[in-house]
Amino acid sequence: MIHVSTTVNGDAHELLCDPRETLLDALRDRLELTGAKEGCGTGDCGACTVLLDERPVCSCLVLAAEAEGQEVRTVEGIADGEDLHPLQRKFIEHAALQCGICTPGILVAAKALLERNPDPSETEVRYWLAGNLCRCTGYDKIIRAVLDAASEMREAT
Amino acid sequence: MRYHTPSSFEDASAIAAAATGVTRFLAGGTDVLVQLRSDLVTPDDLIDIKHIAGVKDIARHSDGSWRIGAAVSGAELAEHEALIAEWPGVVEALELIGSTQIQARCTLVGNLCNGSPAADSVPAMIAAGATASVVGPEGTRELPVEDVPTGPGMTSLGPGEVVSAVNLPPRGECGGDAYLRFIPRTEMDIAVVGAGVSLSREGDTIIAARVALGAVAPTVVLVEEAGAALVGSTLDDTALAALAGAAEAACRPISDKRGTVEFRTQVAGVLARRAAKIAYDRAGA
């Protein structure tokens with residue numbers, strides 16, 4: 001087993017992990033952070049998206065051991081207590097989800113986009129989220145929710 | 001599986017050289033961990049090179065050459081304005097790979113050492129005249145990028161050898177490069193054909209040019225005749241026709257679900273022409 005010291009949503013954690021264990025499995029099974037989902041398990045679908053040192057990654061393609069000394073952020077860290085993030089509210093308002101498996105990954109990826117680019121075009125949102133597959137919505141509602149959240153966040157600042 | 005985090009490439013090389021089972025080096029993991037997860041390759045020793053000093057550095061030397069560390073990601077490359085100004089083709093080629101999430105992890109060196117004939121960044125690196133710095137049991141050596149891949153999934157690297165960085169030559173005055181690929185959609189797909197062109201101009205005349213093609217042979221190929229077809233020209237129609245002809249002649253593709261031999265051969269000529277035009281315009285800008 002490998003000893004891993006890492007920070008998840010601002011909290012320091014010490015973990016003992018198998019060398020083959022993915023960051024996704026460590027988050028879900030050891031820290032009970034079950035927001036990130038395993039879809040494909042090979043980096044194609046984005047359902048397991050988390051931030052690793054500020055960048056969206058597929059946590060199924062990161063070993064838990066690689067999180068040593070790194071900062072991890074998951075969907076559980078997006079809301080401020082009971083107050084949903086604007087992206088989360090807009091996803092509900094626009095009905096931008098059905099089964100919800102892809103939603104945590106999309107929220108994490110979309111938040112990373114808006115932090116880099118507060119005013120993305122529709123095309124920029126579509127390309128940024130091209131690695132987050134959704135089998136229910138057909139994407140339009142997701143894109144509209146992200147653009148609407150961006151607009152609200154710009155007005156608030 | 002043993003997971004190693006050496007603090008130098010010499011140590012990384014020594015671990016690999018002493019290993020008796022399956023060994024893999026880990027940088028971004030976008031190939032190695034997919035293979036591990038799919039039970040295609042289960043390493044006995046996995047050597048994570050990201051704890052080695054300098055692996056995330058993008059350095060420009062005083063002579064204008066560049067050194068890009070083995071763990072620099074596509075996202076990091078795409079944010080480096082000075083590198084984009086000199087080698088936009090290399091950056092746009094790596095940037096084409098995968099999604100936002102893959103971009104946060106994928107690397108030039110990983111794309112090279114994975115040995116795919118369809119690797120997007122490899123034709124751009126070869127066109128640029130890039131070299132790979134290799135650390136091994138016998139010491140260090142630097143070899144042209146085109147000498148690394150030897151077949152699908154295979155490289156010329158020996159036991160214990162590890163690529164520590166990619167080096168780009170000085171761009172010089174009036175140089176430009178470009179990479180184009182054909183895929184049947186707009187994003188997130190494997191190249192049916194890829195074409196990289198790098199050239200230098202003196203006024204309107206091309207004085208040096210290199211052309212490399214991907215996904216049309218068992219390895220990415222440097223097409224010296226295609227580069228030679230451009231030298232001395234002003235990229236007129238005759239030179240473009242000669243370029244396309246040389247590119248098509250160099251194709252040894254397979255037919256598969258992505259494209260037929262005939263289609264790939266024709267597209268190689270088309271993409272070489274288009275990439276040459278972009279590189280020419282960039283060189284004059």
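Helices, of at least four residues, and strands, of at least two, are DSSP runs numbered from the N terminus. The model on display is predicted.

**First stop: chain A**

Select chain A and colour it by secondary structure. Five helices and five strands should appear. Tracing the chain along its sequence gives the pattern β-β-α-β-β-β-α-α-α-α.

Next, reduce chain A to its C-alpha trace, which spans about 45 × 30 × 25 Å along its principal axes. The radius of gyration of chain A is 15 Å, in agreement with the value near 15 Å for a compact globule of 157 residues. Of the 157 residues in chain A, 43% are buried. What share of the contacts with a separation of 6 or more joins residues 24 or more positions apart in chain A? The share is 61%.

**Second stop: the domains of chain B**

Hide chain A and select residues 1–49 of chain B, which the domain assignment gives as domain 1. Then add residues 175–284, given as domain 2. Between the C-alpha centres of these two domains of chain B the distance is 35 Å.

**Third stop: a sheet in chain B**

Now display the strands β4, β5, β10, β6 and β7 of chain B. They form an open sheet in the order β4-β5-β10-β6-β7, with antiparallel pairing. Which strands lie at the edges, each pairing on one side only? They are β4 (58–60) and β7 (139–144) of chain B. From one strand to the next, the twist averages 25 degrees.

Within this sheet, select β6 (residues 131–136) and β10 (residues 162–168) of chain B. The two strands run antiparallel and are joined by five bridges. Strands of a sheet pair through backbone hydrogen bonds, so showing these bonds is a suitable display at this point. Label Val135(B) and Val162(B): Val135(B) stands opposite Val162(B), a residue of β10(B).

Add helix α1 (residues 9–18) of chain B. Helix α1 of chain B lies across β6 and β10 of chain B, and the helix runs at about 135 degrees to β10(B).

**Final stop: where the chains meet**

Restore chain A and select the residues of each chain that touch the other. The selection holds 22 residues of chain A, in contact with 21 residues of chain B. On the chain A side, β4 (55–58) and α4 (122–128) each supply at least two residues. Of the elements of chain A, β4(A) gives the most to this side, with four residues. Colouring the chain A side by residue class shows 13 nonpolar, six polar and three charged residues.

Technical notes:
Residues numbered from 1 in each chain as written. Chains lettered and ligands numbered in written order. Predicted model: local features only at pLDDT ≥ 70, side-chain atom pairs only at ≥ 80, totals over all residues. Rg over C-alpha atoms; globule rule 2.2 N^0.38 Å. Buried ≥ 20, exposed ≤ 12 C-beta atoms within 10 Å, placed from the backbone. Contact = placed C-beta atoms within 7 Å. Domains from an automatic or database assignment. Pairing = 2+ DSSP bridges. Axes fitted to C-alpha atoms, helices over the stretch in contact; angles between N-to-C directions. Nonpolar A, V, L, I, M, F, W, Y, C, P; charged D, E, K, R; others polar.
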